[in-house]
Amino acid sequence: MEWKFTGDKPVYQQIVERLSGAILAGKYPAGQRIPSVRELAAQARVNPNTMQRALQELEDQQLLITLGTTGRCVTEDQQILEDLRRRTVDQAIRLCTEQLRILGISVEQAAQRMLELEKGEK
């Protein structure tokens, strides 16, 4: 996983987004144990407290479950995972729609262009 951070929002929020994305992408499937706070902090080159805050946020969202002293794992609750997927897609669509409106492109025009690109048309 790539751990490049930007200055536009707190690092722990960026970690939450990256880990949520990794969960949705299947890097951490439902029920799988995730690496420890220290392991993830070392990979991301952040303070363990920052990583702990991000993991706590994911736990608060019920995406991660604490397994006592053995660490954390990804929830197996498919409804929670589907809600995350829907929220993530909705957020991406809102951002894209906002950018397209700035450019004067309608949703219909954008949808048509997306279909053209998918078919390999230039």
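In this predicted model, the side chain of Thr75 reaches the backbone nitrogen of Asp77 at a distance of 3.0 Å. Thr75 belongs to the loop between strand S2 (72–74) and helix H4 (78–102). The residue is buried, because its relative accessibility is 4% and the cut-off for burial is 20%. Beyond residues up to four places away in sequence, Thr75 touches Ala30, Gly31, Gln62, Leu63, Ile65, Ile80 and Leu81.

The largest nonpolar core has 24 residues. Within this core, Leu19, Tyr28, Met51 and Leu55 are the residues with the most contacts. Four helices give two or more residues each: H1 (11–25), H2 (37–44), H3 (48–60) and H4. H1 gives the most, with 6 residues.

Met51 illustrates the contacts of one such residue. Residues up to four places away in sequence are again not counted. Met51 touches Trp3, Ile15 and Leu19. Met51 also touches Val37, Leu40, Ala41 and Ala44, as well as Val46.

Val37, Leu40, Ala41 and Ala44 are also the buried residues of H2. They cover an arc of only 100 degrees around the axis, so they lie on the same side of H2. The spacing fits a general rule: an α-helix has 3.6 residues a turn, so residues three or four places apart point the same way. The cover over the buried residues of H2 includes H3 and S2. On the other side of H2, Arg38 and Ala42 are exposed. Just after H2, Arg45 takes a positive phi of about 60 degrees.

Two residues of H1 were examined individually. Ser20 is found in this helix. Ser20 counts as buried, because its relative accessibility is 8%. With neighbours within four places in sequence left aside, Ser20 is in contact with Leu58, Leu63 and Leu84. Leu63 is also among the residues that Thr75 touches.

Ala22 lies in H1 as well. At 7% relative accessibility, Ala22 is likewise buried. Leaving aside neighbours within four places in sequence, Ala22 is in contact with Met1, Lys27 and Tyr28. Tyr28 is one of the residues with the most contacts inside the largest nonpolar core. Ala22 and Gly104 are 82 residues apart along the chain. Their C-alpha atoms are separated by 33 Å.

Aromatic rings were considered next. A search of the whole structure finds 1 aromatic pair. The pair is formed by Trp3 and Phe5, whose ring centres are 6.3 Å apart. Their planes stand at 45 degrees, so the pair is tilted rather than stacked or edge-to-face. The two partners differ in exposure. Trp3 is buried, with a relative accessible area of 12%. Phe5 is partly exposed, because its relative accessible area of 26% falls between the cut-offs of 20% and 50%. Trp3 is also among the residues that Met51 touches.

A charge over a ring is found at Tyr12. The charged end of Arg53 sits over the ring of Tyr12, 3.8 Å from its centre.

Key: Residues are numbered from 1 along each chain as its sequence is written. This is a predicted model: local features need pLDDT of at least 70, side-chain atom pairs count only at pLDDT 80 or more; totals for chains, interfaces and linings use all residues. Side-chain values use heavy atoms; hydrogens and water are left out. Rings of Phe, Tyr and Trp (its six-membered ring) pair if their centres lie within 6.5 Å; planes under 30 degrees apart count as stacked, over 60 as edge-to-face and the rest as tilted. Buried means under 20% relative accessible area, exposed over 50%, partly exposed in between (1.4 Å probe, protein chains only). A charge sits over a ring if NZ of Lys or CZ of Arg is within 6 Å of the ring centre and within 35 degrees of the ring normal. A polar contact is a pair of N or O atoms within 3.5 Å; within protein, one must be able to donate a hydrogen and the other to accept it, and residues adjacent in sequence count only if both atoms are side-chain atoms. Contact means heavy atoms within 4.5 Å. A nonpolar core is a set of buried Ala, Val, Leu, Ile, Met, Phe, Trp, Tyr and Cys residues joined through side-chain atoms within 4.5 Å. The arc is that of the directions from the helix axis to the C-beta atoms.
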